[in-house]
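Colleague: Could you take me through the reading of a model like this one, feature by feature, with the general idea before the particular case?

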Amino acid sequence: MTHAHIAGSIHADVAKAGPQWLTLPEDLNQLRSELWPAGTERDAQGRIVIGGVALSQVAASHGTPAYLIDEQDFRARARAFRDSFADWRVYYAGKALLSRTVARWVMEEGLCLDVTTMGEMRIALAGGMPAARLGFHGNNKSLEEIRFALEQGVGRIIVDSFHEIDRIEAACQELGATAQVLVRVTTGVEAHTHEYIATAHEDQKFGLSILGGHALAALVRCQSSSSIQLRGIHSHIGSQIFETHGFEVAIRRTLRLAEQFRVATGVELAELDLGGGFGIAYTEADSPMPTAELARAFDEILDHECRAFGLRRPELSIEPGRAICGPAGVALYEVGTVKAVELENGRSRTYVSVDGGMSDNIRPALYAAEYSCALANRTSDADPVLARVVGKHCEGGDILIRDVFLPRDIAPGDLIAVPGSGAYCRSMASNYNQVPKPPLLAASQGQVQTLLRRETLEDLMRLDVGE
Ligand code: LLP
């Protein structure tokens, strides 16, 4: 009787148990360059090193869980957008990740910044971003926020409703100010992404519908207002998008609207903002377009569509968030428990519990987002097991990584790093189960800097002012 190679038969078995896209890596210790900040490597001791700093050192000095951004990688991605979209204005979407230092990096790299709330405006300004380079978004901006934006001289406000136009006019009259405005429209494009992050189809809260005529009416209303200087149209079709087709349709529809506006008023709109949404690689299944290629595709589409409508090429802008900060960041956790759970089909799954979870990364629970991870403090020659990385929260859905291969000898005390965690993790963190939020750290040239300190239980206790 011939025996299969033991490792081989185990490999075949575990591979079948995972999702189709998940392939058994030849070497579990290898780090796929598409997923990690540029230059990420393992040192002689097998530890993952980012920005010149070993993650084990970060864990020792700053604790876990922690979010670590590679400053140079963030800056390089910001520059890639600035250089590739050369005659565009690039607004970094601060909702993805923001702190004063992050705002300063964005400013130093020559980008503008998209903010959505008073809090984001305050942080951006405190980071030194000139108000003129801010674009103010949101579907329910308060009068107080609008006043503040006008007083500070925020570059433009992206209006989202007729009530907001009323509010802007009132604030402008009160302050003797003029607002620079773009009208956010819904183009009816269904981007191929999760329902909650696809924003341009009709039945959702953002923007004014082109189809329903509200977009044109809002443009005309802004044009005729003495307090408002209408700049143009804004469209954001969704997030984590890999194809340009949805953008192409959005460009065509927004330009058609610009053409209708020209016919109605004789005025050619100066500006078109196409929003953000450029996808990144979270797992081996994702293959995003290089930024330069994306820019070329956008430029071609625009030239073609402008010619078709007989319009001058407008001033253009985009608002990438995730594509700048996402791949630059990792989450770092310590393993607390490991247990095998028998499955119905006779297989077993290894549950690896870490010291964070859905309070610092809600994306898997909210969008069924997929991540990958790697053992960060050492390499291992052990066989792979199909693992599920889960958090410490009191909830079955507290899953960080649904399916990933990890070495069989993974044990309490090991460190796990999750790439692609720079966007919408720390910025969407909560205190569920009264868990303090992890710190945001930046690594560069061998140094670690704290951008947002770890919350403490004292911080939480101080908020609790009841008797
Ligand atoms: N511009 C506007 C008007 C937006 O609403 C957004 C994202 C962006 C730009 C930036 O999109 P990005 O390039 O980062 O995809 N929290 C979700 C995504 C929701 C994004 C909301 N708006 C997530 O975790 O995937």
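**Ligand, spaces and backbone**

Modeller: We can begin with the ligand, where the residues of the surrounding shell divide by class into 7 nonpolar, 7 polar and 6 charged. Please keep in mind throughout that this is a predicted model.

Colleague: Which residues come nearest to the ligand?

Modeller: Of the 20 residues around the ligand, those that come nearest are Ser239, Gly277, Glu319, Arg363 and Tyr424.

Colleague: Which polar atoms of the protein lie at short listed distances from the ligand, for instance from tyrosine 424?

Modeller: For tyrosine 424, a polar atom of the side chain lies 2.6 Å from an oxygen atom of the ligand. With glycine 277 it is a polar backbone atom that is involved, at 2.8 Å from an oxygen atom of the ligand, while an N or O atom in the side chain of aspartate 114 is 3.5 Å from a nitrogen atom of the ligand. As for burial, the ligand on its own has 580 Å² of accessible area, and the protein covers 92% of that.

Colleague: How does one find empty space in a model, and how many cavities of 30 Å³ or more does the structure hold?

Modeller: The general idea is that rolling a probe the size of a water molecule over the atoms shows where empty space is left. In this structure there is 1 cavity of 30 Å³ or more, and about 80 Å³ of space lies in the largest cavity.

Colleague: Which elements each supply at least two residues of the lining of the largest cavity?

Modeller: Helix 9 (245-265) and strand 12 (271-273) each do so, and helix 9 gives the largest share, 3 residues. Among the residues that line the largest cavity are Ile233, Thr254, Leu255, Ala258, Leu272 and Pro314. By class, the lining of this cavity has 7 nonpolar, 1 polar and 3 charged residues.

Colleague: And how would you describe the second largest pocket, starting with the residues nearest its centre?

Modeller: The second largest pocket is lined by 27 residues, of which Pro25, Leu28, Gln30, Arg32 and Cys373 lie nearest its centre. The elements that give two or more residues to this lining are strand 16 (374-375) and strand 18 (399-407), with strand 18 providing the largest share, 5 residues. About 400 Å³ of space lies in this pocket, and its lining residues divide into 16 nonpolar, 5 polar and 6 charged.

Colleague: Turning to the backbone, what should I look for in the phi values and peptide bonds?

Modeller: The background is that most residues other than glycine have a negative phi, and most peptide bonds are trans. Against that, a cis peptide bond joins threonine 64 and proline 65 here, with omega at about -10°, and proline 65 has its place in the loop between helix 2 (55-62) and strand 4 (66-70).

Colleague: Where does alanine 368 lie, and what is its phi?

Modeller: Alanine 368, although not a glycine, has a positive phi of about 55°, and its place is in the loop between helix 12 (363-367) and strand 16. With a relative accessibility of 58%, alanine 368 counts as exposed. Asparagine 433 likewise has a positive phi, near 60°, in a residue other than glycine, and this asparagine is found in the loop between strand 19 (415-419) and strand 20 (440-444). Asparagine 433 counts as partly exposed because its relative accessibility is 36%.

Colleague: Is glutamate 109 buried or exposed?

Modeller: Here the cut-off matters, since buried means under 20% relative accessible area. Glutamate 109, at 7% relative accessibility, therefore counts as buried. This glutamate lies in the loop between helix 4 (100-108) and strand 6 (112-115), and a polar contact of 2.8 Å joins its side chain to that of arginine 75.

Colleague: Finally, how far apart in space are alanine 54 and glycine 446?

Modeller: Their C-alpha atoms are separated by 8.5 Å, although the two residues are 392 residues apart along the chain. Alanine 54 lies in strand 3 (residues 53-54) and is buried, with a relative accessible area of 3%. One can read serine 161 in a similar way: serine 161 and alanine 218 are 57 residues apart in sequence and 7.9 Å apart in space, C-alpha to C-alpha. Serine 161 lies in the loop between strand 8 (156-159) and helix 7 (162-175), and a polar atom of its side chain lies 3.0 Å from the backbone nitrogen of glutamate 164.

Terms used. Residues are numbered from 1 along each chain as its sequence is written. This is a predicted model: local features need pLDDT of at least 70, side-chain atom pairs count only at pLDDT 80 or more; totals for chains, interfaces and linings use all residues. Side-chain values use heavy atoms; hydrogens and water are left out. On a 1 Å grid over the protein atoms alone, a cavity is a set of points where a 1.4 Å probe fits but cannot get out, and a pocket is an open set with protein on both sides within 12 Å along at least five of seven lines; lining residues have an atom within 4 Å of a point. Grid points are joined across faces, edges and corners, and a volume is the space filled by probe spheres set on the points. Helices (H or I, at least four residues) and strands (E, at least two) are DSSP runs, numbered from the N terminus. Ala, Val, Leu, Ile, Met, Phe, Trp, Tyr, Cys and Pro count as nonpolar, Asp, Glu, Lys and Arg as charged, and the others, Gly among them, as polar. A residue is near a molecule or strand if one of its heavy atoms lies within 4 Å of it. A polar contact is a pair of N or O atoms within 3.5 Å; within protein, one must be able to donate a hydrogen and the other to accept it, and residues adjacent in sequence count only if both atoms are side-chain atoms. Accessible areas come from the Shrake-Rupley method with a 1.4 Å probe; for residues, only the protein chains shown count as cover. Buried means under 20% relative accessible area, exposed over 50%, partly exposed in between (1.4 Å probe, protein chains only).
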